[in-house]
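Me: Please explain how the terms used for this structure are justified. I should like each value set against its definition.

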2 protein chains.
Amino acid sequence: MSELDTIDLAIVKALQANGRMSNAELSQKVGLSASACSRRLDILEKSGVISGYHARLSNKALDYKMMAIVHISLSGQGAKTLSEFEAAVKLCPNVLVCYLMSGDYDYILRVAAKDLEDYERIHRDWLSALPHVVKINSSFALREVIDRPNVGL
Amino acid sequence: MSELDTIDLAIVKALQANGRMSNAELSQKVGLSASACSRRLDILEKSGVISGYHARLSNKALDYKMMAIVHISLSGQGAKTLSEFEAAVKLCPNVLVCYLMSGDYDYILRVAAKDLEDYERIHRDWLSALPHVVKINSSFALREVIDRPNVGL
DNA sequence: GAAACCACGCAATGTCCTTGCGAAGATGAA
DNA sequence: TTCATCTTCGCAAGGACATTGCGTGGTTTC
C-alpha cells in the first residue's frame with residue numbers, strides 16, 4: 001500500500017466503529033460514490049491495512065466475567081524454549097493476548113474466565129502445564145476502564 | 001437473552017471469525033434459511049450478546065510497530081482519585097486497554113506507539129500528566145504471540 | 001384436547017454490491 | 001507546450017442480497 005489519504009482514513013475509521021456498515025452508507029459518509037468506495041475498500045482489504053472484521057461479543061452475555069493478567073517467567077530464553085512455550089500457549093482458548101516481553105518477566109498474558117472456579121481450572125489444566133515455566137503471577141482485573149479494538153485514529 | 005443454543009453459538013462464532021460475512025453465507029453455514037438467520041442475528045444484536053462489529057487494522061500497516069505494557073500506581077485508592085485518573089486516561093487515543101487491578105499496582109495499560117520516539121512523546125504528554133500517579137513502569141513487547149479479539153468458543 | 005406460542009421456510013419487494021465503461025484530472029517525456 | 005499514459009471518478013445495469021409478511025408444523029399450557 002502506497003499511502004493512506006484522507007478518504008482512506010475516513011473509510012478505515014468508519015469501519016472501525018461499525019464494521020458491518022453497508023457500502024452504501026459508508027460511501028455516503030466519506031463522500032464518494034458507492035462504486036468508488038467499494039473499490040477503495042477492496043484495496044484496503046487486499047493490501048492488508050484492514051486485516052479482518054470481527055463481531056464484538058459481550059463477555060458478560062457470554063458469562064466471561066473475569067479477566068486475569070498473568071506474568072510468566074521461563075527457565076531460559078533459548079529459541080527452542082520460547083517456541084515450545086508459544087506453541088503450547090496458543091492452544092489455550094482462554095488466552096486472549098500473549099506478548100513476549102522485555103523486562104522482569106518473559107511473557108504477559110490476558111486470560112478470560114467465567115468465574116474464579118473457571119480460572120482455577122484454566123490455571124491448573126493450561127497455564128501450569130505450559131512447558132519451561134518457572135513462575136506464574138496472576139492478577140485480576142477489578143474493573144474494565146478501556147477496551148478499544150484499535151488505536152484511536 | 002434467555003439462552004444461546006447451538007445455532008446461536010454457530011452464528012456468533014462465524015461472525016467472530018468474519019464479521020462482514022453476508023447473511024446469505026451465514027445462513028448457509030449454520031444450516032438455516034436466510035430469513036430465520038436474519039431474525040436470530042437481529043435478536044443477538046438487540047439483546048447485546050453481539051455488541052458491535054469492528055474492522056481489525058493491521059498495526060504494521062498503520063505504522064504502529066510498538067506495543068507497551070504499562071503498570072501504574074496511584075497515590076491512593078479513594079473513589080475520587082480513581083475516577084479522576086480514569087477520566088484522564090480515557091482521553092489518550094494510544095491507550096488500547098486499561099484495567100483497574102488487584103495486586104502490586106493499581107492499573108495496567110496497553111499502549112500502542114509508532115516507534116520509540118512516539119512512545120517517548122506519549123509518556124511525556126499523556127502518561128506522566130495523568131493525575132495521582134506515583135509510579136509508572138513501562139515494558140515493551142518484543143513479539144506478539146497471540147492477539148484474539150474474543151475468547152475462542 | 002384446544003389455544004397460544006414459537007421458530008421455521010417460502011416468496012416478494014426493495015435495496016445493495018459489483019463490474020464495465022467513458023470522462024476528467026494529474027503526471028511525465030519529448 | 002503537447003501528447004500519451006495512468007489513475008480515480010461517477011453513472012448505469014445486472015445480479016445478489018436483506019427483510020418482511022404469511023402460512024405451517026411442532027411444542028407448551030391450561
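Reply: A residue is near a molecule or strand if one of its heavy atoms lies within 4 Å of it. The model is predicted: local features need pLDDT of at least 70, side-chain atom pairs count only at pLDDT 80 or more, and totals for chains, interfaces and linings use all residues. Residues are numbered from 1 along each chain as its sequence is written, chains are lettered from A and ligands numbered from 1 in the order in which they are written, and side-chain values use heavy atoms, with hydrogens and water left out.

Me: Which residues are around DNA strand C?

Reply: Chain A supplies Ser22(A), Asn23(A), Ala24(A), Ser35(A), Ser38(A) and Arg39(A). From chain B come Leu32(B), Ser33(B), Ser35(B), Ala36(B), Arg39(B) and Arg40(B). Of the atoms of DNA strand C that come within 4 Å of the protein, 56% belong to sugar and phosphate.

Me: What makes the approach of Ser35(B) to a base nitrogen of DNA strand C a polar contact?

Reply: A polar contact is a pair of N or O atoms within 3.5 Å; within protein, one must be able to donate a hydrogen and the other to accept it, and residues adjacent in sequence count only if both atoms are side-chain atoms. An N or O atom in the side chain of Ser35(B) is 2.8 Å from a base nitrogen of DNA strand C, so the pair qualifies. Phosphate oxygens of the strand are also approached: one lies 2.4 Å from a backbone N or O atom of Asn23(A), and one is 3.0 Å from a side-chain N or O atom of Ser38(A).

Me: Which helix gives the largest share of the surface near DNA strand C?

Reply: That share, four residues, comes from α3(B). Helices (H or I, at least four residues) and strands (E, at least two) are DSSP runs, numbered from the N terminus.

Me: Why are the buried residues of helix α5 of chain B said to be on the same side?

Reply: Buried means under 20% relative accessible area, exposed over 50%, partly exposed in between (1.4 Å probe, protein chains only). In α5(B), residues 116-127, the buried ones are Asp118(B), Tyr119(B), Ile122(B) and Leu127(B). They cover an arc of only 100° around the axis, and therefore lie on the same side; the arc is that of the directions from the helix axis to the C-beta atoms. Leu116(B) and Glu117(B), on the other side, are exposed.

Me: What caps the N-terminal end of α5(B)?

Reply: Asp115(B) does, with a side-chain oxygen 3.2 Å from the backbone nitrogen of Glu117(B).
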